[in-house]
Amino acid sequence: MGASVHPADVALMRDAAAPVIGEARVEAHPGGPRMIVPVSDLGAGLSTVEVTVDGKPAFVERQKPFDRIIWLPLHRVKPGEHRLVVKARTGARERVHSDAGVARRLAGPPVKPTTNRKD
């Protein structure tokens with residue numbers, strides 16, 4: 001009997017595309033407003049996603065089937081300017097997105113102080 005050779009298709013691919021981080025949006029939720037950020041990768045997939053608000057880690061829920069992360073703050077966010085940073089990594093590639101307005105929208109409009117003075 002002779003040897004048989006079966007040719008096969010083999011493809012080696014390199015994931016050269018960085019992850020995609022979309023614009024954050026705020027949605028109403030029974031537990032309070034929550035922030036939703038689209039995060040995806042069309043190549044090998046995301047290895048890590050990190051979120052900080054004002055330089056402090058924010059614990060998020062990663063929903064892989066929906067290509068997004070959700071942050072529901074444990075405490076009400078104080079009105080004013082806040083800095084949101086999302087870092088997404090896939091292998092050796094990293095994408096960083098920063099937004100200073102999302103956490104402010106999550107907190108709502110600033111509350112004006114009231115006084116009971118009568119002039």
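**A walk outward from strand β4**

Let's start in the middle of things: β4 and strand β8, which covers residues 84-90, run antiparallel to each other and are joined by six bridges. One of the residue pairs across this pairing is Glu50 with Lys87, the latter being the bridge partner in β8. Keep in mind as you look around that this is a predicted model.

β4 has a second partner as well. With β5 it pairs in the antiparallel sense over two bridges, and here Thr52 stands opposite Pro57 of β5. If you turn β4 in your viewer, you will find two faces: Val49, Val51 and Val53 make up the covered one, while Thr48, Glu50 and Thr52 make up the uncovered one. Glu50 and Thr52, then, are on the uncovered face.

Now follow the chain out of β4 (48-53) and into the loop that leads to β5 (56-57), where Asp54 sits. The hairpin formed by these strands has two residues between them, and Asp54 adopts a positive phi near 55° there. For context, most residues other than glycine have a negative phi. How covered is Asp54 by the rest of the protein? With a relative accessible area of 43%, Asp54 is partly exposed, because that value falls between the 20% limit for buried and the 50% limit for exposed.

A second aspartate shows a similar backbone feature. Asp67 is not a glycine either, yet its phi is positive, at about 50°. You will find Asp67 in the loop that connects β6 (61-63) to β7 (68-71). Its relative accessibility is 41%, so Asp67 also counts as partly exposed.

Next, let's look for open space. The largest pocket holds about 420 Å³. Its lining consists of 15 residues, and those nearest the centre are Val53, Pro57, Trp71, Pro73 and His75. Two of these names are already familiar: Val53 belongs to the covered face of β4, and Pro57 is the residue opposite Thr52. By type, the lining splits into nine nonpolar, two polar and four charged residues.

Finally, step back to the whole protein. Which elements does it contain? There are nine strands and one helix, and along the sequence they are arranged as β-β-β-β-β-β-β-β-β-α. Of its 119 residues, 31% are buried. Among contacts with a separation of 6 or more, 58% are between residues 24 or more positions apart. The accessible surface amounts to about 9,000 Å², with carbon and sulfur atoms contributing 56% of that area.

Notes:
Residues numbered from 1 in each chain as written. Predicted model: local features only at pLDDT ≥ 70, side-chain atom pairs only at ≥ 80, totals over all residues. Heavy atoms only, no water. Helix = DSSP H or I, 4+ residues; strand = E, 2+ residues; numbered from the N terminus. Buried < 20%, exposed > 50% of the residue type's maximum accessible area, 1.4 Å probe, protein only. Pairing = 2+ DSSP bridges. 1 Å grid on protein atoms, 1.4 Å probe; cavity = no way out; pocket = protein on both sides within 12 Å on 5 of 7 lines; lining within 4 Å. Points joined across faces, edges and corners; volume = space filled by probe spheres on them. Nonpolar A, V, L, I, M, F, W, Y, C, P; charged D, E, K, R; others polar. Contact = heavy atoms within 4.5 Å. Areas by Shrake-Rupley, 256 points an atom, 1.4 Å probe, with all protein chains shown as cover.
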